[in-house]
Each structure stands twice: as structure tokens, then as C-alpha cells.
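Biologist: I am new to this model. Please give me a close look at one part of it, the surfaces where its chains and strands meet.

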There are 2 protein chains.
Amino acid sequence: MSESTEEPGPSEPSLDEQIAAYQREFRDLDPQVEQVVSALGRLNRRMNVAYGRQVAALGISNAEWEVLKTLVLSGSPYRLGPGELAKRLGLTPAAMTHRIDRMAGEGLVTRDRDENNRVRVIVELTDEGRTKWLEAMRMASDFEEDLLQDLSGDERGVLGELLVRLLRRVEHAQPDAGGRLTDLD
Amino acid sequence: MSESTEEPGPSEPSLDEQIAAYQREFRDLDPQVEQVVSALGRLNRRMNVAYGRQVAALGISNAEWEVLKTLVLSGSPYRLGPGELAKRLGLTPAAMTHRIDRMAGEGLVTRDRDENNRVRVIVELTDEGRTKWLEAMRMASDFEEDLLQDLSGDERGVLGELLVRLLRRVEHAQPDAGGRLTDLD
DNA sequence: CCTTCTAAGTTTAGTGCTAAAGTCTTCGAG
DNA sequence: CTCGAAGACTTTAGCACTAAACTTAGAAGG
């Protein structure tokens, strides 16, 4: 994934300054909507930087961690084809080929032809890969717990529920030619 | 930015399935925390894909749009140095040099030496760049309004406030060697 | 069988990024 | 002055990604 290790600079405007600046330049802006959207964007950027630092301490990249997570999520015996992995990670098959090359070289996964259908390739997590995943997962869940530390149990529930509702809206709707969201169902 | 245009595949597990799978593999996992974090991550991915499609319709990339936004946010006369832009966008100066090359070639910005200090370079938004920004901004704010359409005014306020609290936690704290968050102030 | 089609991966060419080395102005100390 | 050091980009080398062309195994039809 190779994200820049640098934080956004100290001269970056605060969230409130940013919203105020947008309102000066663009009248038709709902500050409440902008607050939600801008906070979401910034939060995610910071979190990705933080995850990147953590897994780097284990000697793997954020990109490799994504692959480990996907394989573990698929459940035992932790096998998926390159095409399926690519789809789930939002990559092209070509990128997947190279990523698997590297990870196989590092011993995190194996790559073998399917005996029953020799066009297919099977990528399988090694024990070492599974161990790396577990170590990364421990660090990540500590980090996430700390991140939410200031929120009460109720607040966490409310936040989760609201986010899930937004997610449903994006997952079940796609912008049409004009860019508006329209239901697909 | 050149993000993959593909959505994560249809075979990707649902959020609930994903959380259940993690719990099977990793006992020490707070499902409430995981729901918040996973929803945040997915939401952001989908939103970036959507933004990318929208600005592509205007003939610019997500990366170029980020630069336009940063210049507009700096306020009239919409000028910043490459180094400052790089810091705010979380890029290396080298990447900024190339991005400015492209955008200057497309007429979105100009690049000139500062007369008072000939080491410095000034990147300034052109009228065409400002127009592109405005067009993109209109599409983005329509999209964002649609995204939040299912939430009441109160719910939007609560969501914004909770996200801002999380953001404060990441912005004012950085993971130490072990990866825990510790206050910097 | 033998041809054609399709699906799954891989390879190639080109883009955009990072890290590190290089260039050119300006500033400060002798 | 002038030499050295610092600051602000730019350049170079190398990596990871996308798009598109290519390869090969299995499926479908005559």
C-alpha cells in the first residue's frame, strides 16, 4: 500500500476552519453534512497511517496485512484464488499476481495449481502467515479499543448503528450518470 | 489517485458475516468496536470510489481534485508552495512536483518562481481550475446530501459530534513504540 | 476428435508514488 | 566578501498499481 508515513502537516486547517472556509467559497453547503463527511475522511486517513506504522513493526506492509485478513476471513483452510482475492481487495488481477509473488517469497502464503482444474491457482495461508495475522490483529484491536476509549458503551452502539445505516445506503445504491444515488433493488 | 474503479466484489462477506468470522478466529474481539471500525473502513472505500467516478466525469482525477480543494481552502488568492501542498496532502515533495507538472499542463494551476525569494515556487489556481473545483463541489455536495438522506437532523448532529471526538483522539495522540495511543499535550 | 469460445492468470507498457541524491538560492559566520 | 550550511524544490531509481494484450486449460459444438 505504501502510504506516506508523514502526517498531514501542522499547517493543515482544523476541521472547523475547513468547514468555515468551504462556506465562504461555496454558499450551498450544509455545515452539518460537511462536518460528517470531512470528519469521516480525516479519521480514515489518520487511522490508515496508524495501522501502517503498527504492521510495519511486524515487517509487513499494510497491503500484505489486507491479504492476510482476507484469507483469514474466508475461514479454514484459508484458501482463495487470485481472482477472488483481487475482487475482495478492489485490485486488478495483475496487481494480485505481483502481490502474491512477494508474499509467497516471504513465506506468508503458498501458491499452487488446483489439481482438479489446472487453470485455477490456489493461494493458501501458511502457518507463518497466520501467526503474522494474529500479531497484527492483537495490535490493531488494542489500537481500536484506545481509539474508542472516550466513548461510552451506548455511544459506541449509536455510532455503529448510524455508520451501518450510511453503509447500507452506499452499498445498495450507486450514483447514476448525474452522480445521484439511486436505489438498485 | 487512480483508484481501482471496481467495487469490492459481490462475494465479499457482509459486515455482520465479517464480524462473526473475526470472532471465530480471534476471541478477544469486542464486536461493538469492530462494528464501528469496519463500517468506517468500508464506508470510506465506497465513498472514494464514488467521488472518483464523479470527478472523472469532469475529466479530472481524484488526486487532482484534492489539490484543487486544498488551494481553494487556502483562500484567495489561492496560492501555496509545493512543499506546503505536499504536507497538507500527505505526499512527498517529489510526488507534488510531478502532480503540479500535470495540472499546469492541463491549465488547472500555474507554477511560478517567487520574485522575492527565488528558491520558492508559487502554485496558483487558474480560473479554469477554480471552475473545475466548483463543478466538482456541486456534484460532491449533492452526493453527500444523498448519502445522509436517511438520517434526521438530530442523527446527523450526533454522528458528526461522535466522529469529531474520535478525530480529536487520533489527532492529539500518536501510537508509541508498542502501538498504544498516548496523549501528546 | 478438432475447432472455437471462455475463464483464470500472467505479462507488458505506462503512470504515479517513495526514498534518496542532486541543484540552486539564500543566510550567517568568519 | 566568501565560504559553509540550510532550505526548497527537482531529479533519479525503483516499486506497486492499472489497462490491455497474451497464454493456456477446460467447455461446447459440429
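Modeller: I will start with the two protein chains, then turn to each DNA strand.

First, some ground rules. This is a predicted model, where local features need pLDDT of at least 70, side-chain atom pairs count only at pLDDT 80 or more, and totals for chains, interfaces and linings use all residues. Residues are numbered from 1 along each chain as its sequence is written, chains are lettered from A and ligands numbered from 1 in the order in which they are written, and side-chain values use heavy atoms, without hydrogens and water.

Begin with the protein pair. Chain B brings 87 residues to the contact, and chain A brings 87 residues too. Contact here means heavy atoms within 4.5 Å. The size of an interface is often given as the accessible area lost when the parts come together. Between chain B and chain A, about 8,000 Å² is buried, and carbon and sulfur atoms give 64% of it. That buried area is the accessible area (1.4 Å probe) that two parts lose on being put together, summed over both.

Next, the charged links. Eight salt bridges are counted between chain B and chain A. Each is a side-chain nitrogen of Lys or Arg within 4 Å of a carboxyl oxygen of Asp or Glu. A salt bridge joins the side chains of A:R130 and B:E25, at 2.6 Å from N to O.

Polar contacts come next. A polar contact is a pair of N or O atoms within 3.5 Å; within protein, one must be able to donate a hydrogen and the other to accept it, and residues adjacent in sequence count only if both atoms are side-chain atoms. Between chain B and chain A, 16 residue pairs are in polar contact, both residues at pLDDT 80 or more. On the side of chain B that touches chain A, at least two residues each come from α1 (15-25), α2 (31-56), α3 (62-73), α4 (82-89), α6 (127-147), α7 (153-171) and β4 (173-175) of chain B. The most come from α2(B), which gives 19 residues. By class, this side of chain B has 39 nonpolar, 20 polar and 28 charged residues.

Two terms need explaining. Helices (H or I, at least four residues) and strands (E, at least two) are DSSP runs, numbered from the N terminus. Ala, Val, Leu, Ile, Met, Phe, Trp, Tyr, Cys and Pro count as nonpolar, Asp, Glu, Lys and Arg as charged, and the others, Gly among them, as polar.

Now the symmetry. Chain B is superposed on chain A by a rotation of 180 degrees with 0.0 Å of shift along its axis, at RMSD 0.0 Å. That is why the relation is one of a two-fold axis. In chain B, B:L159 has the C-alpha nearest the axis, at 3.2 Å. Both copies use the same surface: 100% of the contact residues of chain B recur in chain A. The superposition is by least squares on the C-alpha atoms of residues with pLDDT of at least 70 in both copies.

On to DNA strand C. It is surrounded by 21 residues, and the closest are A:A94, B:T92, B:R99, B:R102 and B:R118. A residue is near a strand if one of its heavy atoms lies within 4 Å of it. Sugar or phosphate accounts for 82% of the atoms of DNA strand C within 4 Å of the protein, and bases for the rest. Phosphate oxygens of this strand have several partners. The side chain of A:R120 places an N or O atom 3.4 Å from one. A backbone N or O atom of A:V121 is 3.3 Å from one. For B:R118, a backbone N or O atom is 2.7 Å from one. The elements giving two or more residues to this surface are α4 (82-89) and α5 (93-105) of chain A, with α5 (93-105) of chain B. Here α5(B) gives the most, with four residues. The surface holds nine nonpolar, seven polar and five charged residues.

Last, DNA strand D. Around it are 21 residues, of which A:T92, A:R99, A:R118, A:V119 and B:A94 come nearest. Of its atoms within 4 Å of the protein, 76% belong to sugar or phosphate and the rest to bases. B:T97 has a polar side-chain atom 3.0 Å from a phosphate oxygen of the strand. For B:R111, a side-chain N or O atom lies 3.1 Å from a phosphate oxygen. The side chain of B:R120 also has an N or O atom 3.1 Å from a phosphate oxygen. At least two residues each come from α5 of chain A and from α4 and α5 of chain B. The surface near DNA strand D has nine nonpolar, seven polar and five charged residues.
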